[in-house]
Amino acid sequence: MAAGEEHYDALIVGAGFAGIYSLKTLRDDLGLKCLCIDQAGDVGGTWYWNLYPGAMSDTESYVYRYSWDKDDLATYPWKEHYVKQPEVLGYLRHVVEKYDLRRDMRFETRLVGMEWDGTGWRVRMQGRDGERVVRARYVVMGLGLLSKQNVPDIRGIDGFEGEMAHTGKWPGDLALEGKRVGIIGSGSTGIQVISEIGRKVKTLTCFQRHPQYSVPSGDRKVTTEYRQWVNENYDEIWNTRQRIFQENWDKGNGFRFMFGTFNDISTDAEANEGACEFIRSKIDEIVKDPEKARKLKPHDVYARRPLCDGNASSGQSYFEQFNRPNVDIVDLKETPIDQIEAKGIRTGDGHLHELDVLILATGFDAVEGNYNRMRIHGREGKTLKDAWNDGPTSLFGVHVPDFPNFFMINGPLGAFTNQPPAIEAQVAWIASIIQEAERSSSSPVIEATKEGQEGWSELCEKLAADSLFWKAEDNWIFGANIPGKKRCLRFYFGGMSGFHEELRKCVANHYPGFIPFAQEHATTA
Ligand code: NA7
């Protein structure tokens with residue numbers, strides 16, 4: 001160890017849901033010496049930055065938490081069926097305090113680059129006190145699936161003289177009351193913002209590229225009886241899915257509507273169109289102005305996003321916002337954005353939409369976006385970017401050949417499902433494989449084989465082959481929302497139980513897809 005170098009068994013990057021649980025598991029259960037770093041000023045990950053108005057989880061509250069703390073599960077309060085940003089942040093801080101995790105966390109510290117040196121990782125990081133090098137046997141990346149913001153490359157965007165904010169990095173003090181506000185983007189984030197601010201701003205102009213199928217979230221206050229029912233039936237309701245459209249519309253939740261009604265919505269075109277027609281009829285029912293309703297109605301397959309909307313504070317759904325006279329919709333397919341000017345957005349019909357504030361709810365360079373901006377060198381100096389030349393891939397969303405003892409949480413080809421359960425499964429897997437490897441060697445090397453990665457990738461392709469998700473244009477799920485990004489599969493579509501089963505089989509068959517853990521590998525970086 002070079003003088004002044006710090007040494008850890010495990011370095012964890014990111015202090016959100018993934019990083020917090022990784023630190024708890026690796027430090028407290030495995031007894032490893034750990035450091036967790038985050039470039040933010042405190043814990044929270046995505047929820048530290050996601051301060052935009054109306055920010056909430058689109059997964060029901062009882063799933064949007066850790067399942068391993070049974071005591072917390074039964075006692076920690078949640079007010080509404082969907083947790084809002086301050087509550088999520090409060091919950092994560094509570095977990096960090098409860099397990100005294102903060103003493104092994106370092107904030108305002110950014111990973112700059114890292115290299116594999118034959119037995120471990122040399123990591124360069126930039127902190128408050130300058131650049132430092134640490135050595136760690138293992139590196140766990142809890143970077144977040146969606147944290148590198150996608151700022152659209154629209155002509156003139158830098159010349160806008162009003163205030164401009166991306167939802168993924170929201171300035172907490174941005175006042176919107178009484179302002180003329182424009183918003184680009186109507187994904188999950190966009191519809192949350194629109195539902196929250198429509199009643200507050202002077203005017204709200206929504207620039208929509210694709211109309212969306214959105215179902216009500218079913219958000220409401222949590223009653224004592226409901227909480228008791230959740231506590232008593234937790235394991236069962238974690239997986240419960242309702243089967244009838246109307247019942248699901250009434251109950252709300254986009255994931256449930258898409259994946260939990262008729263099983264073939266995501267694979268059978270006719271079943272899919274049935275769901276589309278149902279949602280279109282709801283839009284017609286809700287939106288009074290037929291012209292606005294026409295623009296808001298999607299006609300492509302229902303396979304872009306499982307959206308849900310409407311929160312307790314606005315008391316109104318996304319589509320209901322368009323009954324307000326101050327809220328309008330611009331269909332960018334009919335009238336594309338020509339350019340952004342000092343005073344607002346000029347559309348193809350020559351009209352200048354004057355704005356005081358422009359909100360970019362334009363999403364993220366998801367999955368590998370975060371990795372590509374770091375310099376990560378594996379065996380023989382190979383970068384992750386090199387490894388992903390033909391599109392990002394992995395084994396289980398966690399391991400990449402030539403990057404030993406390097407674990408991604410939610411890397412490419414991880415499970416497409418509600419986040420906290422997916423994160424938990426991956427953290428538990430990483431802990432168990434480290435434990436197993438340490439049993440066989442004092443200096444273990446955990447590394448996927450090329451065949452292991454290819455096998456996983458083939459399985460993912462097979463599972464997605466029948467999915468209508470492929471047919472949806474420009475979907476971020478396939479990386480097609482970012483110009484120049486390779487369109488390829490980025491998720492495992494076998495569901496949470498399928499994912500668990502694959503991991504179980506891997507252990508039962510003595511880790512096929514991995515180089516034997518104790519084997520020494522000759523190369524150095
Ligand atoms: P999303 O789901 O990627 O949505 C981004 C939105 O921004 C979507 O409506 C895009 O239109 C729109 N967009 C992106 N670029 C442009 C340009 N250049 N012009 C016009 N419109 C554009 O991100 P979110 O933040 O809403 O949600 C991400 C995840 O967070 C979500 O899945 C939840 O799990 C939570 P499009 O519809 O693609 O045509």
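These legends accompany several close-up views of a predicted model.

**View 1. Strand 6 and its two partners.** Let's start with strand 6, which covers residues 110–116. Strand 7 (residues 121–127) runs antiparallel to strand 6, and the two are joined over 6 bridges. Look for tryptophan 116, whose bridge partner in strand 7 is tryptophan 121. The two strands make a hairpin with 4 residues between them, and glycine 118 in the turn shows a positive phi of about 110°. Strand 6 also pairs with strand 19 (residues 375–377), in the parallel sense and over 3 bridges. Here glycine 113 has arginine 375 as its bridge partner.

**View 2. Arginine 122 and glutamate 5.** Staying with strand 7, we meet a salt bridge between arginine 122 and glutamate 5, with 3.5 Å between the closest N and O atoms. This pair links distant parts of the chain, 117 residues apart: arginine 122 belongs to strand 7, while glutamate 5 sits in the segment before strand 1 (6–13). Are these two residues buried or exposed? Arginine 122 is partly exposed, because its relative accessible area is 32%. Glutamate 5, at 13% relative accessibility, counts as buried.

**View 3. Arginine 137 and glutamate 438.** In this salt bridge, the closest N and O atoms of arginine 137 and glutamate 438 are 2.6 Å apart. Arginine 137 is in strand 8 (residues 130–141) and glutamate 438 is in helix 14 (residues 419–440), so the pair ties together parts 301 residues apart in sequence. Arginine 137 is buried, with a relative accessible area of 18%, whereas glutamate 438 is partly exposed at 29%.

**View 4. Aspartate 338 and arginine 155.** Another salt bridge joins the side chains of aspartate 338 and arginine 155, at 3.0 Å from N to O. Aspartate 338 lies in strand 15 (residues 337–341) and arginine 155 in the loop between strand 8 and strand 9 (163–166), linking distant parts of the chain that are 183 residues apart. With 35% relative accessibility, aspartate 338 counts as partly exposed; arginine 155 is exposed, at 51%.

**View 5. A network of salt bridges.** How many salt bridges does the model hold? The count comes to 43. In this view, salt bridges link Arg27, Asp28, Asp100, Arg103 and Asp104 in a network.

**View 6. A patch of negative charge.** Finally, take a look at the surface, where Glu451, Glu454, Glu458 and Glu461 gather in a patch of negative charge. Glutamate 461 is found in helix 15 (residues 450–465). This residue counts as partly exposed, because its relative accessibility is 38%.

Note on methods: Residues are numbered from 1 along each chain as its sequence is written. This is a predicted model: local features need pLDDT of at least 70, side-chain atom pairs count only at pLDDT 80 or more; totals for chains, interfaces and linings use all residues. Side-chain values use heavy atoms; hydrogens and water are left out. Patches are made of residues with over 30% relative accessible area and no salt bridge: like charges are joined within 9 Å, nonpolar side chains (Val, Leu, Ile, Met, Phe, Trp, Tyr) within 5 Å. Accessible areas come from the Shrake-Rupley method with a 1.4 Å probe; for residues, only the protein chains shown count as cover. A salt bridge is a side-chain nitrogen of Lys or Arg within 4 Å of a carboxyl oxygen of Asp or Glu. Lys and Arg count as positive and Asp and Glu as negative; His and the chain ends are not counted. The place of a charge is taken as NZ of Lys, CZ of Arg, CG of Asp or CD of Glu. Buried means under 20% relative accessible area, exposed over 50%, partly exposed in between (1.4 Å probe, protein chains only). Two strands pair if DSSP finds at least two bridges between them.
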